[in-house]
Amino acid sequence: MEEKSKVKHHRNKILIVLATIFIFSLPASCGNNNGSVSQTESAFLTNESKSAASPTQSVITEPESATPNIATESKFPEETKPQGQIEDESHSSGEMQVHFLDVGQGLSIFIQSEGQYLIYDGGDRKTSSFVVSYLKKHGVSQIDYLICSHYDSDHMAGLIGCLNAFDVKTVINSDYEHDSKLYDSFMSAVADNGLTVQHPEVGSEFVFGSGKFTVLSPSKIVADSNANSVAIKLVNGNNSFIFTGDADHKSESAMCTSGIDLDCDVLSLGHHGSATSTSYAFLEKTVPAFAVISCGAENLYGHPHKDTLEKLESMEINIFRSDKQGTVIATSNGKKIVWSTNPCNDYSPGEESDLGTQLQGDPPVQSESSSTESRAESSGTVVYITDTGSKYHNSGCRHLKKSKIEISLSDAKSQGYDPCGTCKP
Ligand SMILES: [Zn+2]
Ligand SMILES: [Zn+2]
């Protein structure tokens with residue numbers, strides 16, 4: 001029951017946050033390759049009240065009434081801004097644009113600020129040339145930071161294109177090896193640029209443009225490729241973004257105990273909205289006003305999963321989805337974030353038949369001692385799947401050598417996995 005009341009408290013916290021509202025409208029500040037971009041620009045302000053005593057971390061504004069936006073209007077009743085949340089001019093900083101590229105089933109985030117460029121993942125092979133041409137279109141000739149979250153092709157392939165096309169200054173990735181031709185190509189492209197890869201420790205900070213980023217993960221290297229994802233928190237003034245690659249709930253709980261402030265405005269959801277990521281504990285720490293889900297339309301994995309979407313909806317987190325909205329751009333001036341389009345807030349799972357595993361819209365009830373355990377662990381038998389396979393396995397199965405992802409038996413079945421013939425789970 002403890003967990004439930006915590007979540008309720010958290011909802012209250014979010015409601016308090018959402019209750020502080022403005023009417024605001026700004027012109028489009030950047031181009032967008034998505035034909036369905038709304039005329040209305042929603043601006044989202046944040047302040048820097050981060051103390052435990054203050055429940056407020058984000059102030060969300062509505063579009064001007066002349067150009068109403070139904071999705072946000074119905075969600076956020078109009079109230080006045082409380083005192084103490086006046087923007088502090090001393091915290092103003094330069095502009096930072098965060099582009100969540102539509103790379104189908106994959107991830108690629110491109111950031112520009114004050115003439116510096118950062119790319120976090122590059123999407124799969126199919127969209128590699130799109131990523132390279134997108135960057136060229138935005139005037140990129142040099143990439144200051146190229147971050148490869150982990151070595152699965154849907155994150156790494158496009159980065160090889162970037163290494164070949166641009167003058168890359170710093171490469172950051174995870175300190176493990178991957179048995180794939182693509183990994184070999186990536187590492188030789190790094191070497192061809194005369195670069196060595198950096199594996200910064202959790203807590204390392206890097207100055208970037210008008211802001212900085214901090215490494216959140218991985219705190220250790222494990223057998224599962226996804227769990228080794230390099231996660232970062234990008235900060236520009238009072239605005240912040242967290243990108244977690246395909247980090248699973250175990251990596252998330254390690255981030256939660258790292259002591260680093262995970263509070264953010266925008267969370268790029270782990271593993272394309274899979275139920276193996278985005279634990280309640282992580283959402284409670286990050287308290288994002290917005291989540292961005294990068295996944296392909298009708299992808300093979302049913303991403304994003306129902307469980308994840310239910311959590312986001314129950315916590316009233318606005319969502320953007322690449323499968324529904326294409327590329328989405330967030331522009332931060334250090335005080336507010338302006339989006340190229342409104343959140344779609346479409347909480348329907350990638351697969352219609354995905355029934356999820358949670359009780360009727362309620363968060364799972366866990367005892368206090370197990371509150372940091374995964375949802376999978378709390379909902380019965382646990383089995384293991386791999387990044388690419390279609391079977392589920394017992395823990396010791398030899399097929400789990402390269403990749404081992406924990407999942408509940410019911411999730412595995414509902415996601416279409418079959419029992420392995422070797423270990424017969
Ligand atoms: Zn992966
Ligand atoms: Zn992935």
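**Notebook: a seven-stranded sheet**

I began with one pair: Val266 has Phe290 in β15 as its bridge partner. I note up front that this is a predicted model.

I then looked up the strands around that pair. β14 covers residues 266–268 and β15 covers residues 290–293; I find them paired in the parallel sense, over 3 bridges.

Next I traced the whole sheet. I get 7 strands in an open sheet with mixed pairing, and I read the order as β10-β11-β12-β13-β14-β15-β16. At the edges I have β10 (205–208) and β16 (318–321), each pairing on one side only. From one strand to the next, I find a twist that averages 20°.

I moved on to β12. Which way does β12 run relative to β11? I see the two run antiparallel, with 5 bridges joining β11 (residues 211–217) to β12. In that pairing I matched Lys212 with Val235 of β12.

On the β13 side, I again find the antiparallel sense, with 5 bridges between β12 and β13 (residues 239–243). Here I located Leu234 opposite Phe241 of β13. I also checked the connection: β12 and β13 make a hairpin with 2 residues between them, and Gly237 in the turn has a positive phi of about 60°.

Last, I checked burial. Are the residues of β12 (231–236) buried or exposed? I count 6 of 6 as buried. I remind myself that side chains in a regular strand alternate between the two faces of the sheet. In β12 I see Ala231, Lys233 and Val235 pointing one way, and Ile232, Leu234 and Asn236 pointing the other way, all of them buried.

Terms used:
Residues numbered from 1 in each chain as written. Chains lettered and ligands numbered in written order. Predicted model: local features only at pLDDT ≥ 70, side-chain atom pairs only at ≥ 80, totals over all residues. Pairing = 2+ DSSP bridges. Helix = DSSP H or I, 4+ residues; strand = E, 2+ residues; numbered from the N terminus. Axes fitted to C-alpha atoms, helices over the stretch in contact; angles between N-to-C directions. Buried ≥ 20, exposed ≤ 12 C-beta atoms within 10 Å, placed from the backbone.
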